[in-house]
Amino acid sequence: MTGWAPERRDTMRAIAQELLQHASRGRALVAVAGADADATGPVAADLESALREQAHAVFRAPIAGFLRPRSARDPDAPAPGDIDASVLRRVLVEPFRLGEGAAFVTAAVDPERDRPVEPRWRSGPRDAIMLVDGAFLLQPELAGLWSTTIGVLRQEEGAGAEEAALRREARILLDVSDAAHPRRIFADAC
């Protein structure tokens, strides 16, 4: 017999409320990290909606908009080095942290066309959350960028290196094996 599980929107609302408890003032960068965008993208989109319901300013930047050119990546084996960390820091992270009035870019490249995009500079209020979603966000090169981290995983995937990093590094763990009923994983050792 299967037990009760909360609806997706309820889980996302609860996570949004938790984020706002810790980051209702100022700017916060939240990594929504997972093994692939098929899992992290929908979670980030739902969190964005839940934060907007709370009347909080929120922006989203899929990490695919900050990848190195395909010629510099192994197409068969995505790797942590695929992210252009210097561009990510220069046009998104650092300006976003400056606060109200500072302009930032939520994508530097078009991942489908594999070419730079004309920068679309945006700004926002003093109090805002930036959701950055995708794979390899918990790598050491990006350590220290995130105000908090959400690890998105599917229990059936098996324990690969990315899942191990998620379980070790993410502050919030979310199992999306059942997309309609994602559940928090609490890995407390107490």
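These legends go with a few close-ups of aromatic contacts in a predicted model.

**View 1. Phe59 meets Phe96 edge-to-face.** Start with the aromatic pair made by Phe59 and Phe96: the ring centres are 6.5 Å apart, and the planes make an angle of 80°. In sequence these two are 37 residues apart, so to speak from distant parts of the chain, with Phe59 in strand β2 (residues 57–62) and Phe96 in helix α3 (residues 85–98). Phe96 counts as buried, since its relative accessibility of 0% is under the 20% cut-off.

**View 2. Phe59 also pairs with Phe104.** Stay on Phe59 and look at Phe104: here we get another edge-to-face pair, 5.1 Å centre to centre and again with 80° between the planes. Phe59 belongs to strand β2 and Phe104 to strand β3 (residues 104–105), so this pair ties together parts that lie 45 residues apart in sequence. Both residues are tucked away: Phe59 is buried at 9% relative accessible area, and Phe104 is buried at 0%.

**View 3. Three Phe rings, one cluster.** Put the two previous views together and you have Phe59, Phe96 and Phe104 in one aromatic cluster. For the wider tally, the model has three aromatic pairs.

**View 4. Arg27 sits over the Phe96 ring.** Back to Phe96, this time with a charge for company: the charged end of Arg27 sits over the ring, 4.5 Å from the ring centre. The Phe96 ring thus turns up here as well as in the edge-to-face pair with Phe59.

Notes
Residues are numbered from 1 along each chain as its sequence is written. This is a predicted model: local features need pLDDT of at least 70, side-chain atom pairs count only at pLDDT 80 or more; totals for chains, interfaces and linings use all residues. Side-chain values use heavy atoms; hydrogens and water are left out. Rings of Phe, Tyr and Trp (its six-membered ring) pair if their centres lie within 6.5 Å; planes under 30 degrees apart count as stacked, over 60 as edge-to-face and the rest as tilted. Helices (H or I, at least four residues) and strands (E, at least two) are DSSP runs, numbered from the N terminus. Buried means under 20% relative accessible area, exposed over 50%, partly exposed in between (1.4 Å probe, protein chains only). A charge sits over a ring if NZ of Lys or CZ of Arg is within 6 Å of the ring centre and within 35 degrees of the ring normal.
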